[in-house]
Amino acid sequence: MTNVFIISAPSGSGKSTLVNEIRQTIPNLAFSISYTTRSPRGHEQDGKEYFFVSRQQFEEMIQNDDFLEYANVFGNYYGTARRFLAGAEEQGNDLLLDIDVQGAAQIKSKLPDAVSIFILPPNRSELEQRLRRRSQDSESVIQRRLYEASREIENYGKYDYILVNDRLADSVEALKAILLSQRLKRQDGTDVALSAMAEKYRLENVRHRLQPILQSFGKTAAGVK
Ligand code: ADP
Ligand code: 5GP
């Protein structure tokens with residue numbers, strides 16, 4: 001049975017870094033390559049990071065019911081093709097989806113057993129430093145990403161697991177524990193140490209640590225200040 005894992009995060013939190021690490025260490029984990037109407041950035045290649053399509057092509061795919069979910073993110077369409085799930089099922093793989101909050105909600109309503117993980121930066125100033133260190137964006141784009149991040153993090157409460165990406169090595173181990181313990185659970189197996197580690201990152205077990213992070217973005221746990 002295919003496990004579906006959803007990962008969402010504000011831009012700059014380290015999601016791509018984490019996903020790349022995890023894909024190299026966990027076997028039988030397929031990655032869904034989304035379709036998007038946005039233009040390629042930097043070294044992005046069609047069919048690698050995304051399938052880059054026109055608005056018309058995307059809308060035809062919507063008409064054909066080709067998408068498991070799709071959403072409009074910052075003015076562009078993004079969608080997960082059904083064939084990635086079908087492919088993972090055929091090959092006996094689990095499937096990892098890197099999608100936004102709206103997509104995560106759609107997947108959860110269609111596939112209630114999907115496991116969702118939200119990645120947070122340790123605080124706003126660290127996020128800002130990471131965005132600058134990545135040196136991919138102009139100052140205005142960095143400011144927009146910081147603003148968007150503060151809105152996106154309000155959705156953390158909709159996810160099963162929360163990972164504060166402080167030390168990268170710890171985050172990789174945590175993500176591995178979440179994925180592998182879920183995989184074992186669905187196979188009626190257990191690994192006590194692995195499950196205990198994954199449990200530490202469950203929403204209800206992390207809530208108390210989130211207040212300072214939310215505050216650094218000018219938020220309170222109850223919502224916007
Ligand atoms: P995202 O995919 O969430 O937009 P990236 O994976 O591109 O973010 O990471 C943003 C920047 O932060 C990159 O320069 C990356 O090397 C760095 N980074 C990622 N994780 C960490 C971490 N735990 N500690 C310090 N820097 C990190
Ligand atoms: P970017 O343009 O920076 O690559 O991605 C912008 C946002 O779109 C990110 O939050 C990313 O997770 C999200 N995204 C990427 N692919 C999909 C998808 O197929 N569906 C949805 N709903 N969001 C996606």
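**Entry 1: terms and model**

I count Ala, Val, Leu, Ile, Met, Phe, Trp, Tyr, Cys and Pro as nonpolar, Asp, Glu, Lys and Arg as charged, and the others, Gly among them, as polar. The model is predicted, and local features need pLDDT of at least 70 and side-chain atom pairs pLDDT 80 or more, whereas totals for chains, interfaces and linings use all residues. Residues are numbered from 1 along each chain as its sequence is written, chains are lettered from A and ligands numbered from 1 in written order, and side-chain values use heavy atoms, without hydrogens and water.

**Entry 2: ligand 2**

I looked up the surroundings of ligand 2 and found 15 residues there (a heavy atom within 4 Å of the ligand). The closest are Ser34, Arg38, Tyr50, Glu69 and Tyr78. By class, I noted five nonpolar, four polar and six charged residues in this shell.

I then turned to the polar contacts, which are pairs of N or O atoms within 3.5 Å. Ser34 places a polar side-chain atom 2.6 Å from an oxygen atom of ligand 2. For Tyr78, the distance from a polar side-chain atom to an oxygen atom of ligand 2 is 2.5 Å. In the side chain of Asp100, an N or O atom lies 2.8 Å from a nitrogen atom of the ligand. On its own, ligand 2 has 510 Å² of accessible area (Shrake-Rupley method, 1.4 Å probe), and the protein covers 90% of that area.

Which strands each supply at least two residues of the shell around ligand 2? I found strand E5 (67-73) and strand E6 (76-81) in that role; strands are DSSP runs of at least two residues (E), helices of at least four (H or I), numbered from the N terminus.

**Entry 3: the sheet that holds E5 and E6**

I followed E5 and E6 into an open sheet of four strands, in the order E4-E3-E6-E5 and with mixed pairing (two strands pair if DSSP finds at least two bridges between them). Strand E4 (50-52) and E5 are the edge strands, each pairing on one side only. On average, neighbouring strands here are turned by 25 degrees against each other, direction ignored; the axes are lines fitted to C-alpha atoms, and angles run from 0 to 180 degrees between N-to-C directions.

Within this sheet, strand E3 (residues 34-36) pairs with E6 in the antiparallel sense over two bridges. Tyr35 stands opposite Gly79 in E6.

**Entry 4: ligand 1**

I repeated the search around ligand 1. Of its 15 surrounding residues, Gly12, Lys15, Ser16, Thr17 and Arg134 come nearest. Their shell divides into two nonpolar, seven polar and six charged residues. Helix H1 (15-25) and helix H5 (124-134) each supply at least two residues of it.

Lys15 brings a backbone N or O atom to 2.8 Å from an oxygen atom of ligand 1. I also noted Asn165, whose side chain has a polar atom 2.9 Å from a nitrogen atom of ligand 1. A polar backbone atom of Asp166 is 2.8 Å from a nitrogen atom of this ligand. Of the 570 Å² of accessible area that ligand 1 has on its own, the protein covers 79%.

**Entry 5: the parallel sheet**

I traced an open sheet of five strands in the order E2-E7-E1-E8-E9, with parallel pairing. Why is one side of strand E2 (29-31) and of strand E9 (161-164) left without a neighbour? Both stand at the edges with a single partner strand each, so the other side has no neighbour in the sheet. The average turn between neighbouring strands of this sheet is 25 degrees, direction ignored.

Strand E8 (residues 115-120) pairs with E9 over four bridges in the parallel sense. As one example, I recorded Tyr161 in E9 as the bridge partner of Ile117.

How values were computed:
Polar contact = N/O pair within 3.5 Å; in protein donor to acceptor, adjacent residues only side chain to side chain.
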